[in-house]
Amino acid sequence: MRYADFTPYDLVLLAQGLGVTLWVFLVTTAIGLVIGLAWGIIRFYRVPLATPAIDFVSEFLKNSPVLVQLFLVYFGVPGLMHVDMTPVFAATITLSANTAAFIYVIVVSAIESVGRDQIEAARAFGLSRWQVLRHIIAPQAIAFSAGPLTALLVNQLQVTSLISVIGVMDLAKIGANLNLRTLKPFVVWTVVGALYYVAAKLVALAGARIEARLRAHAVFRGL
Amino acid sequence: MLKVENVVKAFGSLTVLDGVSLAVHPGEVVTILGSSGSGKSTLIRCINGIETLDGGHITVDDFDVSKPRELAEARKRSGTVFQLFNLYPHMTALSNITLAPIEVLKRPRAEVEAEGRALLASVGLADKIDVYPAQLSGGQRQRVGICRALAMKPRYLLLDEVTSALDPEMTSEVLDILAKLAREGTTMVFVTHEIEFARRISHRIVFLEKGKLITDLATAEFFSAEGGLALPRVAQFLSKMQKA
């Protein structure tokens with residue numbers, strides 16, 4: 001067997017890479033969801049100063065390349081603040097923040113999608129802002145945001161491949177290493193692409209199922 | 001007592017309420033008449049605290065709606081029925097009714113649900129308890145809206161053009177219920193264009209014109225030649241409405 005041949009162990013490596021990709025995706029999605037949601041709620045309560053600050057950060061995160069953000073965190077922050085930074089930690093921070101910025105946009109539009117008249121009715125009956133958020137806005141906003149959120153997460157899963165550039169051993173990095181060794185880019189990237197495709201498809205299917213359940217009571221199902 | 005004193009409300013340069021005063025005593029049915037844009041709905045929205053006042057005071061049983069701490073108490077004493085129903089679309093008819101009593105009055109769910117079922121049955125919707133608003137007709141939705149307000153056992157029922165979005169058949173469904181409530185002694189502030197109905201059920205009629213309250217008369221007096229009809233604007237309004 002020559003050095004450049006594929007071996008069964010390559011499958012183990014690909015599986016490990018896929019595992020790292022999915023782990024980073026799930027962790028950064030969870031963190032991004034918590035932060036994006038918190039930002040949206042702060043905005044709902046019209047907290048002075050906090051809302052413009054959040055808007056500024058979220059605009060920066062949405063309108064600059066993730067790769068640049070990654071370099072800034074991995075190379076820039078350690079030099080400036082004299083701290084150690086591992087590739088996985090830098091990747092987690094960057095992707096969490098980036099996901100949070102987009103989830104914030106979805107949360108804001110989902111909250112605004114709920115009709116003012118219902119909110120006024122609930123307020124007139126004495127419900128507090130928090131009770132309105134919990135009982136009136138949240139159930140409808142979650143149903144509204146399921147679609148956009150699924151689309152975002154499918155995209156963010158692909159975006160994780162950028163972290164291979166700073167040396168995280170994710171699926172794309174394993175693919176790159178495998179390609180360097182075997183010099184069969186067509187085979188390697190087809191397999192890697194297929195693995196991303198399957199993972200993304202699972203995310204999309206899960207999202208569609210959740211959305212269907214959340215909208216179960218909506219009578220209108222389109223024309 | 002529900003007291004409106006010298007209330008001023010402006011949206012930008014447009015003054016919608018211009019020094020309105022009104023008192024509603026328990027047991028009274030007071031109808032507010034006036035053309036579109038005269039400030040009727042805004043007055044209701046000021047009483048239930050949806051709009052903030054630019055001047056004057058509103059108190060509901062001595063609780064001032066302009067003071068955040070007292071507004072919560074004031075809101076427990078008034079229940080609003082809205083022109084466009086404003087039901088919660090993600091909740092069943094029963095949940096629409098029980099939400100505020102459970103969350104605001106902190107009453108036990110089982111008790112509130114039993115009352116909610118009885119209320120729906122009393123307006124002929126016993127079979128619609130678990131149905132969502134989208135599956136109800138306009139008249140049915142407004143009957144749920146009335147039940148939702150009644151479930152709070154309000155001292156004052158505020159009705160903001162509750163039949164304006166309904167066809168004549170559905171309107172009569174809703175008016176029958178309001179007539180019954182009036183007979184039972186429910187205190188109501190009733191904004192409407194249903195003049196004949198208002199004449200039957202109200203004790204007093206007030207007339208708003210460009211944000212000013214120009215008359216406040218007992219019903220019989222309002223419709224008499226020397227009372228309301230002696231005022232040119234009222235006579236003009238009534239004759240227009242009767243032609244329509």
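In chain B of this predicted model, V60(B) stands opposite F63(B), a residue of strand β5(B), and I would like to begin there and work outwards. V60(B) and F63(B) face each other where strand β4(B), residues 55–60, pairs with β5(B) in the antiparallel sense, over two bridges. These two strands belong to an open sheet of four strands, with antiparallel pairing, and if you follow the sheet across in the structure above you will meet β2, β1, β4 and β5 of chain B in that order. The strands at the edges are β2 and β5 of chain B, and since each has a single partner strand, one side of each is left without a neighbour in the sheet. Across this sheet lies helix α1 of chain B, residues 40–47, which covers β1, β2 and β4 of chain B and runs at about 65° to β2(B).

Let me stay with β2(B) for a moment, and pick out one residue. D18(B) is found in this strand, which spans residues 14–24. Is D18(B) buried or partly exposed? It has 18 C-beta neighbours inside 10 Å, and because 20 or more would be needed for a residue to be called buried, D18(B) counts as partly exposed. If we leave aside the neighbours within four places in sequence, D18(B) is in contact with V8(B), G211(B) and K212(B). The contact with G211(B) deserves a second look, as D18(B) and G211(B) are 193 residues apart in sequence and yet 5.0 Å apart in space, measuring from C-alpha to C-alpha.

G211(B) and K212(B) bring us to a second part of chain B. Strand β9(B), residues 204–209, and strand β10(B), residues 212–218, form an antiparallel pair with six bridges, and within that pair I205(B) has L217(B) of β10(B) as its bridge partner. The two strands make a hairpin with two residues between them, and in the turn K210(B) has a positive phi of about 45°. Five of the six residues of β9(B) are buried, so this strand is largely enclosed by the rest of the structure.

On which strand does I205(B) meet T31(B)? The answer is β9(B), where I205(B) is the bridge partner of T31(B). Strand β3(B), residues 29–33, is joined to β9(B) by four bridges, and the two run parallel. Four bridges also join β3(B) to strand β8(B), residues 188–191, again in parallel, with V30(B) standing opposite V189(B) in β8(B). Taken together, these pairings are part of an open sheet of six strands with mixed pairing, in the order β6-β7-β8-β3-β9-β10 of chain B. Here the edges are taken by β6(B), residues 78–81, and β10(B), and since each of them has a single partner strand, one side of each lacks a neighbour in the sheet. From one strand to the next, the twist averages 15°.

V189(B) leads on to the nonpolar core. The largest such core has 112 residues, and among its members C147(B), L159(B), V189(B) and F190(B) touch the most others. Although those four residues are in chain B, the largest share of the core, 14 residues, comes from helix α4 of chain A, residues 87–113. There is also a second, separate core of six residues, which includes L171(A), L178(A), V188(A) and V192(A). As for F190(B), apart from residues up to four places away in sequence, it touches V29(B), V30(B), T31(B), I32(B), L159(B), A198(B) and S202(B).

Turning to direct contact between the chains, 16 residues of chain A are in contact with 20 residues of chain B. On the chain A side, the elements that give two or more residues are α5(A), residues 116–124, and α6(A), residues 129–159, and α5(A) supplies the largest share, six residues. That side of chain A divides into seven nonpolar, six polar and three charged residues.

Finally, a few words on chain B as a whole. Its secondary structure comes to nine helices and 10 strands. Its radius of gyration is 18 Å, close to the 18 Å that the globule rule gives for 244 residues, so chain B is as compact as a globular protein of that length. The C-alpha trace spans about 55 × 40 × 35 Å along its principal axes, and 45% of the 244 residues count as buried. Among contacts in chain B between residues at least 6 apart in sequence, 64% join residues at least 24 apart.

Technical notes
Residues are numbered from 1 along each chain as its sequence is written. Chains are lettered from A and ligands numbered from 1 in the order in which they are written. This is a predicted model: local features need pLDDT of at least 70, side-chain atom pairs count only at pLDDT 80 or more; totals for chains, interfaces and linings use all residues. A nonpolar core is a set of buried Ala, Val, Leu, Ile, Met, Phe, Trp, Tyr and Cys residues joined through C-beta atoms within 7 Å. A residue is buried if 20 or more other C-beta atoms lie within 10 Å of its own, exposed if 12 or fewer, and partly exposed in between; C-beta atoms are placed from the backbone. Two residues are in contact if their C-beta atoms, placed from the backbone, lie within 7 Å. Two strands pair if DSSP finds at least two bridges between them. Axes are lines fitted to C-alpha atoms, for helices over the stretch in contact, and angles run from 0 to 180 degrees between N-to-C directions. The radius of gyration is taken over C-alpha atoms; the globule rule is 2.2 Å times the number of residues to the power 0.38. Ala, Val, Leu, Ile, Met, Phe, Trp, Tyr, Cys and Pro count as nonpolar, Asp, Glu, Lys and Arg as charged, and the others, Gly among them, as polar.
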